[in-house]
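Student: Pick a single loop and look at it closely. Then set it against the rest of the chain.

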Amino acid sequence: MEAAPRVSFGVVADIQYADEEDGCDFWGRRRRYYRHSLRLLRAAVEAWAAEQPPLAFVVQLGDCIDGVNARRGAAEGALERVLAALRRLPVPVHHAWGNHELYNFCRDRLASSGLNSRPATAPAAGPPAGPPGDCHAYHFSPAPRLRFVLLDGYDLSVLGRDPASPSHRESLRRLRERNPNENLNSPAGLKEPQFVEFNGGFSQTQLDWFDEVLKFSDENQEKVVAMGHLPIHPDASDKVCLAWNYEDVLSVIHSHQCVVCFLAGHLHDGGYCLDSHGVHHLTLEGIIETPPESNAFGTIYVYDDKMILKGRGRISDRVMYF
């Protein structure tokens with residue numbers, strides 16, 4: 001009989017709840033089930049809460065409410081409904097920030113909301129809990145020799161920041177350098193189609209901090225699972241949904257031995273690849289485009305030599321060896 005997993009945790013992406021009739025995606029092609037997304041989340045919470053042995057935590061990979069809430073002045077109420085569903089879990093929830101959070105709220109508001117899951121206290125040993133400033137990135141260790149790192153793919157972004165701020169100006173400069181389109185959400189004609197407004201990137205400060213965390217994990221023979229809203233490998237995503245500077249964060253990961261998996265959302269169809277350095281890239285299917293009779297969430301069981309994903313609904317089971 002196989003040993004019990006070292007840790008198990010829930011995963012979900014792109015809930016994008018709104019108290020709205022069904023709508024369509026940005027391109028007008030894909031159906032979005034705004035109200036049903038909350039019902040599917042509640043079903044996921046019920047399933048996670050019943051797991052034995054209990055989960056250690058749940059990861060919400062970003063875009064928990066949809067941008068349509070901002071246009072209706074309904075952002076606070078929508079967020080509260082999602083957080084209320086997740087509060088029924090007896091374990092912590094770790095939240096990535098996606099573009100839809102930033103359509104609804106500025107970064108300062110997110111930092112004071114229930115979506116700020118960055119630890120309040122610094123770790124007793126090792127690298128700082130997160131980068132300096134308002135970057136929503138941090139690391140935590142739920143079991144010996146196992147570390148999770150949540151990254152902020154909108155650290156560089158024109159979303160959620162004061163247009164007069166240096167960060168906004170620098171992000172807009174980078175975006176316009178590579179995207180001359182009048183509509184900055186359009187990838188038409190771009191050599192690097194990820195340079196659209198609904199994506200973002202990782203600052204050098206965040207990359208340097210991430211490098212320090214991975215150096216610590218290498219030295220202490222830890223396995224690392226990294227995660228964030230934006231995919232960072234073109235074989236686990238379409239090119240339009242990648243982080244702006246995905247190659248930079250891949251370069252950091254590939255310069256270390258410890259990272260075994262990167263979890264992402266954003267691409268509602270999901271994706272997967274095993275890269276040339278043996279890192280699994282798993283992009284989770286989104287709840288928002290999941291029909292009401294199905295679902296899209298999973299539980300991941302971490303062992304000494306593998307991670308086993310038990311998917312529900314649109315998410316397939318998968319075994320990822322390392």
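Tutor: The loop comes first, then the other salt bridges, the core and the backbone.

This is a predicted model, so local features need pLDDT of at least 70, side-chain atom pairs count only at pLDDT 80 or more, and totals for chains, interfaces and linings use all residues. Residues are numbered from 1 along each chain as its sequence is written, and side-chain values use heavy atoms, with hydrogens and water left out.

Take the loop between β7 (146-150) and α6 (166-178), where Asp 155 sits. Helices (H or I, at least four residues) and strands (E, at least two) are DSSP runs, numbered from the N terminus. Asp 155 is buried, at 9% relative accessible area. Buried means under 20%, exposed over 50%, partly exposed in between (1.4 Å probe, protein chains only). The side chain of Asp 155 makes a polar contact of 3.2 Å with that of Gln 206. Such a contact is a pair of N or O atoms within 3.5 Å; within protein, one must be able to donate a hydrogen and the other to accept it, and residues adjacent in sequence count only if both atoms are side-chain atoms. Beyond four places in sequence, Asp 155 touches Arg 107, Cys 135, Arg 161, Gly 201, Ser 203 and Gln 206. Contact here means heavy atoms within 4.5 Å.

Arg 107 appears again with a second aspartate. Asp 152 forms a salt bridge with Arg 107, and their closest N and O atoms are 2.4 Å apart. Asp 152 lies in the loop between β7 and α6, while Arg 107 belongs to helix α5 (residues 107-111), so the pair ties together parts that are 45 residues apart in sequence. Both partners are enclosed: Asp 152 is buried at 2% relative accessibility, and Arg 107 is buried at 3%. Arg 107 thus has a salt bridge to Asp 152 and a contact with Asp 155.

Helix α6 has a salt bridge of its own. Arg 173 pairs with Glu 170, the closest N and O atoms being 2.7 Å apart. The two residues lie in α6, 3 residues apart, about one turn of the helix. Arg 173 is partly exposed at 40%, and Glu 170 is partly exposed at 28%.

Salt bridges also join other parts of the chain. The whole structure has 26 of them, each a side-chain nitrogen of Lys or Arg within 4 Å of a carboxyl oxygen of Asp or Glu. In one of these, Arg 30 meets Asp 269, with closest N and O atoms 2.5 Å apart. Arg 30 is in the loop between β2 (23-24) and β3 (31-32), and Asp 269 in the loop between β9 (259-264) and β10 (271-274), so the pair ties together parts 239 residues apart in sequence. Arg 30 is partly exposed at 31%, and Asp 269 is partly exposed at 42%. Bridges with shared partners join Arg 30, Arg 32, Asp 66, Asp 269, Glu 289 and Arg 314 into one network.

Strand β9 leads into the interior. In β9, 6 of the 6 residues are buried, so the strand is largely enclosed by the rest of the structure. Strand β8 (residues 223-227) pairs with β9 in the parallel sense over 4 bridges; pairing requires at least two DSSP bridges. Ala 226 stands opposite Phe 262 in β9.

Now the core. The largest nonpolar core has 92 residues, and those with the most contacts inside it are Phe 9, Trp 48, Phe 210, Leu 263, Ile 300 and Met 307. Its largest share, 7 residues, comes from helix α3 (residues 75-86). A core is a set of buried Ala, Val, Leu, Ile, Met, Phe, Trp, Tyr and Cys residues joined through side-chain atoms within 4.5 Å. Outside its neighbours within four places in sequence, Leu 263 contacts residues including Phe 9, Val 11, Leu 61, Val 225, Ala 226 and Ile 300.

Finally, the backbone. Most residues other than glycine have a negative phi, and most peptide bonds are trans. The bond from Gln 52 to Pro 53 is cis, with omega near -5 degrees. Pro 53 lies in the loop between α1 (34-49) and β4 (57-60). Gln 16 has a positive phi near 50 degrees. Gln 16 sits in the loop between β1 (7-12) and β2, and is buried at 0%. Arg 145 also has a positive phi, about 60 degrees. Arg 145 is in the loop between β6 (138-143) and β7, and is partly exposed at 46%.
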